[in-house]
Amino acid sequence: MSPRRSVAEALGTRAAILERSVAIASAEGLEGLTIGRLAGELGMSKSGVLGHFGSKETLQLAVLDRAGEIFRAEVWEPARPAAPGLARLRVLCEAWISYLERGVFPGGCFFVAAAHEFDGRPGAVRDAVEARFDAWRGRLRKEAGRAVDAGELGTDPDQLVFELLGTAMALNHAVQLHRDPRAPELARRTVQARLGRPATVTGQVHRDPPEPARPRTSPG
């Protein structure tokens, strides 16, 4: 086997572990990940899984990174071509609602679930979740600030960001817990009341959601 092929196969195996881990963690939480379970479901040895990550915590952090890549592709990338400020904020919010409405992750917003799971626990995983939220809040604040500076909005950017985050979390709750089919439209009305007419998402990334977690078939 050539070194190049060996590296490519290792990267492919790592990617497969991450994709399965994202699906499991979305529905069952990051603590639902065990090396034994992943090994059994992927037809690998425990040492084979550990060889790619070294520890459960390292795996959890890698899963957060992968979930972040998916979120960025679904929510940020469609909005990036829009003009900075209000136009971009409108497209971004529509992409955000669409991401939750379509159930990109089986368990709803991956990061809302991770925050609920780890907000009371100290450690590297909690810090990574917090950093993700801080970065996203910063992105929203930047676009809201641009809109205010341009005279497109007359509001406190921090207040607006608080309301947009609250709307997204309420939508996630309504979709996941209550299976409320009206919730996406209610969220769109809320955003429209704050930002004006809704924007049409262009270049929206559509992908099949991660495969739902299967019942546990091997010990952790």
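Helix α7 is the top contributor to the lining of the largest pocket, putting in six residues. The model is a predicted one, and in it this pocket takes up a volume of about 440 Å³. Besides α7 (124-149), the elements that supply two or more lining residues are α4 (56-76), α5 (86-101), α6 (110-118) and α8. The lining runs to 21 residues in total, and Phe71, Phe111, Arg132, Ala135 and Trp136 sit nearest the pocket centre. As for chemistry, the wall is made up of 15 nonpolar residues, two polar ones and four charged ones.

Stepping back to the whole fold, the chain has nine helices and zero strands, so to speak a plain run of α-α-α-α-α-α-α-α-α when read along the sequence. Of its 220 residues, 44% count as buried. Among contacts with a separation of 6 or more, 73% are between residues 24 or more positions apart. The accessible surface of the chain adds up to about 11,100 Å², and carbon and sulfur atoms hold 54% of that.

What about the interior? In soluble globular proteins, nonpolar side chains tend to be buried together. Here, the largest nonpolar core contains 61 residues, and those with the most contacts inside it are Leu30, Leu59, Val63, Trp96, Tyr99 and Phe110. Leu30 makes a handy example: setting aside neighbours within four places in sequence, Leu30 touches Ala25, Lys56, Gln60, Val63, Leu64, Phe110, Ala114, Glu117, Phe118 and Val125. Two of those partners, Val63 and Phe110, are also listed with Leu30 among the core residues with the most contacts.

Helix α2 (residues 35-42) is mostly tucked away, with six of its eight residues buried. The buried set consists of Ile35, Gly36, Arg37, Leu38, Ala39 and Glu41, which takes in the charged residues Arg37 and Glu41. Right after α2 comes Gly43, with a positive phi of about 70 degrees.

A positive phi also turns up at Arg179, at about 50 degrees, although this residue is not a glycine. Most residues other than glycine have a negative phi. Arg179 belongs to the loop between α8 (157-176) and α9 (183-195). Is Arg179 buried or exposed? Arg179 counts as exposed because its relative accessibility is 59%, and the cut-off for exposed is over 50%.

Notes: Residues are numbered from 1 along each chain as its sequence is written. This is a predicted model: local features need pLDDT of at least 70, side-chain atom pairs count only at pLDDT 80 or more; totals for chains, interfaces and linings use all residues. Side-chain values use heavy atoms; hydrogens and water are left out. Helices (H or I, at least four residues) and strands (E, at least two) are DSSP runs, numbered from the N terminus. Buried means under 20% relative accessible area, exposed over 50%, partly exposed in between (1.4 Å probe, protein chains only). Contact means heavy atoms within 4.5 Å. Accessible areas come from the Shrake-Rupley method with a 1.4 Å probe; for residues, only the protein chains shown count as cover. On a 1 Å grid over the protein atoms alone, a cavity is a set of points where a 1.4 Å probe fits but cannot get out, and a pocket is an open set with protein on both sides within 12 Å along at least five of seven lines; lining residues have an atom within 4 Å of a point. Grid points are joined across faces, edges and corners, and a volume is the space filled by probe spheres set on the points. A nonpolar core is a set of buried Ala, Val, Leu, Ile, Met, Phe, Trp, Tyr and Cys residues joined through side-chain atoms within 4.5 Å.
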